[in-house]
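Visitor: I'd like a close look at one small part of this protein, rather than a quick tour of everything. Could you pick a spot and walk me through it slowly?

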Amino acid sequence: FLAQDGFVHGSMARAGDAESAAGGQPPAQNAASSDLLDLISGLPRPFQDHLLKMGVDEVAVLANLHATEAEHRKYWQDLLTRGAIVLSVEDTLTAVSKAIVIWKKARAEENPPPIARFMSSALPPVKTMVFAHKSMDKVAQKLQELHPEQIVLGKCRWETFNDGFPNLALNEDDCHSMTRMPTVYLGSFHDPNNIFEQLAILYALPSMGALQFRVFLPWFCTGTMERVEVLGQIATAETLARVLSATPHAASGPTRITIFDIHALQEQFYFNDNVHVELKSAVWLLRQELAHLSASSDGFSPRSSILPPGMLAQDKKFAICFPDDGAAKRFGKKFPEYPHCVCSKVREGDSRVVRVKDGNPAGFDCVIVDDLVQSGGTLVECAKALREMGAKSILCFVTHGVFPRNSWERFLDVDKTGIQRFYLTDTIPRNCELHGQGPFRVLSIAPLLGHLLSHSRLDDLRGLLR
């Protein structure tokens, strides 16, 4: 029977059963028809109708392929159901037909490859509607340049009324489009003055019928205030998590919130079960830079910005260094092929100084890795300790350059800080202005966002067909 949710529950009635009820003789059915009807029971009703209009022999190829194992048949059902949610019925059926044709040719081989490969490759690209706060427009544009066939940039009006409160609106055509495709909001809470206007948009998008909804909030701005040490303090990290947890559900389920290099991993538990929180890291941008450097064959990096002036790629010998034990535990496993050094603050007399606790930096080009920088004092002290123990050169990578009160200016004096290259990302958009100033190089997170959006769909399919 067809329930109010549009799904068939129980067994699907066959044409023969209807004939018997009417007193006539049921038409003969072959095994393929029977398998096909069993296979599509439980799918959304419109999807059943389209499948039944297809040639039985075509769909039966896949039906019979999985008929021997009930578990595989369930995967096939789940795949089609997921396809009906994310894609249009027509697009999904086109993909099914394409997979069948390819598989028919391939199964004549001695060792035919699994059908999962064909289903993954046959599905057409899923377009994603991306809305971005005006401060993140550059990142959104880079994302679309990397994935022009998959990314559609939504239009949003960011204005204010005469009284200073937000005057916001979405493009009407985009509102219709996002009901048929996944929707993403790319935001930045780097300025307390723009948080309210972004929350208004963030709450509105799923309420307007977004098919799926995902929020990229690269920097969790209150992450450094995650615990209460004395009576009266307020953990604003928990406050912000509660505000984000109130994001409405999209048509297909809860909102997914993606954060890069959150300051304390336990902060994910401040969010409630109304949203799905996904913690990712941007240190893969540094790994990519080091990989390009290692792959150079002419003695120079293909991306010259990775090296301090005069440093030849053939002389590279990197060590990954951490300013404290917390950073070492968090990021150390992401660089297993490099030697590690760990610094630590120790008390000497009445003062606390940074010393190299583990590892030997002598002769290495040391790369200090951490999640964020504020005043930068710890990084400067760490660089000093590494140089005193014989480090060849000092580079630094942090995901979030907070730099209150323009504290980044201290790093312009390379001779004084000893940090010859300072890598940041554009998780905090104002840092884009630092690119090329002194030691600063800004790496865009757009490739990471594109990777997550491109692979989330494929990973879902692989999981279903595994």
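Guide: Here is a walk around one residue, Thr425, followed by its surroundings and then the rest of the chain.

Keep in mind that this is a predicted model. Start with the overall frame: the chain has 466 residues, and 48% of them are buried. Its secondary structure comes to 16 helices and 15 strands. Thr425 sits in one of those strands, β14, which runs over 421-425.

Is Thr425 buried or exposed? It comes out at a relative accessible area of 0%, and anything under 20% counts as buried, so Thr425 is buried.

What does the side chain of Thr425 do in there? One end of the story is the backbone oxygen of Thr399, which the Thr425 side chain reaches at 2.5 Å. The Thr425 side chain also makes a polar contact with the side chain of Thr427, at 3.3 Å. If you set aside the neighbours within four places in sequence, the contact list for Thr425 reads Ala282, Leu285, Phe397, Val398, Thr399, Asn431, Val442, Leu443 and Ile445. Thr399 turns up here as a contact, and its backbone oxygen is the one just mentioned.

Some of those contacts belong to the next strand along. β14 pairs with β15 in the parallel sense, over four bridges, and β15 covers 440-443. Thr425 stands opposite Leu443 in that strand, and Leu443 is also on the Thr425 contact list. As a rule, side chains in a regular strand alternate between the two faces of the sheet. In β15, Phe440 and Val442 point one way while Arg441 and Leu443 point the other way. All four of these residues are buried, Arg441 included.

Between the two strands there is a loop, and Asn431 is found in it. Asn431 has a relative accessible area of 3%, so this loop residue is buried too. Its side chain reaches the backbone oxygen of Gly401 at 2.9 Å. So far that gives two side chains that each reach a backbone oxygen: Thr425 to Thr399, and Asn431 to Gly401. Leaving out residues up to four places away in sequence, Asn431 touches Gly401, Phe403, Leu424, Thr425 and Val442. Thr425 and Val442 on that list bring us back to the strands: Thr425 lies in β14, and Val442 points out from β15 alongside Phe440. Val442 is in contact with Thr425 as well. A little further along, the C-alpha atom of His435 is separated from that of Thr425 by 9.7 Å, with the two positions ten residues apart along the chain.

Contacts across the sequence are a feature of the chain as a whole. Among contacts between residues at least 6 apart in sequence, 65% join residues at least 24 apart.

For contrast, step away from this buried spot and look at charged pairs. Side chains of opposite charge can pair when their charged atoms come close. The structure holds seven salt bridges. One of them joins Arg256 and Glu278, with the closest N and O atoms 3.7 Å apart. This pair links distant parts of the chain, with Arg256 in strand β7 and Glu278 in strand β8, 22 residues apart. Arg256 counts as partly exposed at 32% relative accessibility, whereas Glu278 counts as buried at 17%. Another salt bridge is formed by the side chains of Asp325 and Lys357, at 2.8 Å from N to O. Asp325 is in helix α13 and Lys357 in strand β11, so this pair ties together parts that are 32 residues apart in sequence. Both ends are partly exposed: Asp325 at 31% and Lys357 at 45%. Salt bridges that share partners also join Arg214, Arg256 and Glu278 into one network.

Last stop, the outside. The chain exposes about 23000 Å², and carbon and sulfur atoms supply 51% of that. Phe161, Phe165 and Phe196 form a nonpolar patch on the surface, with about 370 Å² of accessible area together. Phe196, which lies in helix α10, has a relative accessible area of 54% and is exposed. Set that beside Thr425 at 0%, where this walk began.

Key
Residues numbered from 1 in each chain as written. Predicted model: local features only at pLDDT ≥ 70, side-chain atom pairs only at ≥ 80, totals over all residues. Heavy atoms only, no water. Buried < 20%, exposed > 50% of the residue type's maximum accessible area, 1.4 Å probe, protein only. Polar contact = N/O pair within 3.5 Å; in protein donor to acceptor, adjacent residues only side chain to side chain. Contact = heavy atoms within 4.5 Å. Pairing = 2+ DSSP bridges. Patch = residues over 30% accessible without salt bridge, like charges linked within 9 Å, V, L, I, M, F, W, Y side chains within 5 Å. Areas by Shrake-Rupley, 256 points an atom, 1.4 Å probe, with all protein chains shown as cover. Salt bridge = Lys/Arg side-chain N within 4 Å of Asp/Glu carboxyl O.
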